[in-house]
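Here are a few exercises to work through with the model open beside you. Try each task yourself before reading its solution.

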Amino acid sequence: MILTNAKFSLGQLVATTHAASRLSPEDVAGAIGRHASGDWGEVCDEDRASNEEALVEGLRLLSVYTSSSGITFWIITEWDRSITTVLLPEDYYVQRPQPRSLFQQTVDPTTPCQYSVLNSQLLCI
């Protein structure tokens, strides 16, 4: 996946363990492309307006999508564009979500995962 129409930097791409275990790589890749291009998905009008302001002001960005299997998930890019996180709504309230690869069964929970835009894979580094 090549992001030719990205409106902002995604920084490091990570996913919570829970999201990585429930979402397909294809759903994640498609949503990341939409998020980076400013297609905020299923956010409310207020959040859509906040995202448009955040692009100008350098604030946090939130997108909401539904996977092909019907799972709602979020993508959040932090205000400084250092990191973009794929997570499920229930992961947001967990004190410290653990990143995990979408492609590996066992991962050291202290190792962050990174999405490679060049080869469309989420890998732990």
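**Exercise 1.** Find which backbone oxygen the side chain of Thr-84 reaches, and describe the surroundings of Thr-84.

*Solution.* Start with the polar contact (a pair of N or O atoms within 3.5 Å; within protein, one must be able to donate a hydrogen and the other to accept it, and residues adjacent in sequence count only if both atoms are side-chain atoms). The side chain of Thr-84 comes to 2.6 Å from the backbone oxygen of Leu-10. Before going on, note that this is a predicted model, in which local features need pLDDT of at least 70 and side-chain atom pairs count only at pLDDT 80 or more, while totals for chains, interfaces and linings use all residues. Residues are numbered from 1 along each chain as its sequence is written, and side-chain values use heavy atoms, with hydrogens and water left out.

Next, look at contacts, meaning heavy atoms within 4.5 Å. Leaving aside residues up to four places away in sequence, Thr-84 touches Leu-10, Gln-12, Leu-13, Val-14, His-35, Ile-75, Ile-76 and Thr-77. Finally, check exposure, where buried means under 20% relative accessible area, exposed over 50%, and partly exposed in between (1.4 Å probe, protein chains only). With a relative accessible area of 0%, Thr-84 is buried.

**Exercise 2.** Place Thr-84 in its strand, then work out the strand order of the open sheet.

*Solution.* Helices (H or I, at least four residues) and strands (E, at least two) are DSSP runs, numbered from the N terminus. Thr-84 belongs to strand E4, residues 83-87. Four of the five residues of E4 are buried, so E4 is largely enclosed by the rest of the structure.

Now take the pairings one by one; two strands pair if DSSP finds at least two bridges between them.

- E1 and E4 are parallel, with four bridges; Val-14 has Thr-85 in E4 as its bridge partner.
- E3 and E4 run antiparallel and are joined by four bridges; here Ile-75 is matched with Val-86 in E4.
- E2 pairs with E3 (residues 72-77) in the antiparallel sense over six bridges; Leu-62 has Ile-76 in E3 as its bridge partner.

Put together, these give an open sheet of four strands in the order E1-E4-E3-E2, with mixed pairing. E1 (12-15) and E2 (61-66) are the edge strands, each with a single partner strand, so one side of each has no neighbour in the sheet.

To finish, visit the hairpin of E3 and E4: five residues lie between the strands, and Arg-81 takes a positive phi near 60° there.

**Exercise 3.** Decide whether helix H2 is largely enclosed or not, and say why.

*Solution.* H2 covers residues 25-36. Nine of its 12 residues are buried, so H2 is largely enclosed by the rest of the structure. Among the buried ones are Pro-25, Val-28, Ile-32 and His-35. Just after H2, Gly-38 has a positive phi of about 90°.

**Exercise 4.** Describe where His-18 lies and which residues His-18 touches.

*Solution.* His-18 sits in helix H1, residues 17-22. Its relative accessibility is 28%, so His-18 counts as partly exposed. Not counting residues up to four places away in sequence, His-18 touches Leu-88, Glu-90 and Asp-91. His-18 and Leu-88 are 70 residues apart in sequence, yet their C-alpha atoms are 7.2 Å apart in space.

Notes:
Expected span 1.5 Å × (residues − 1).
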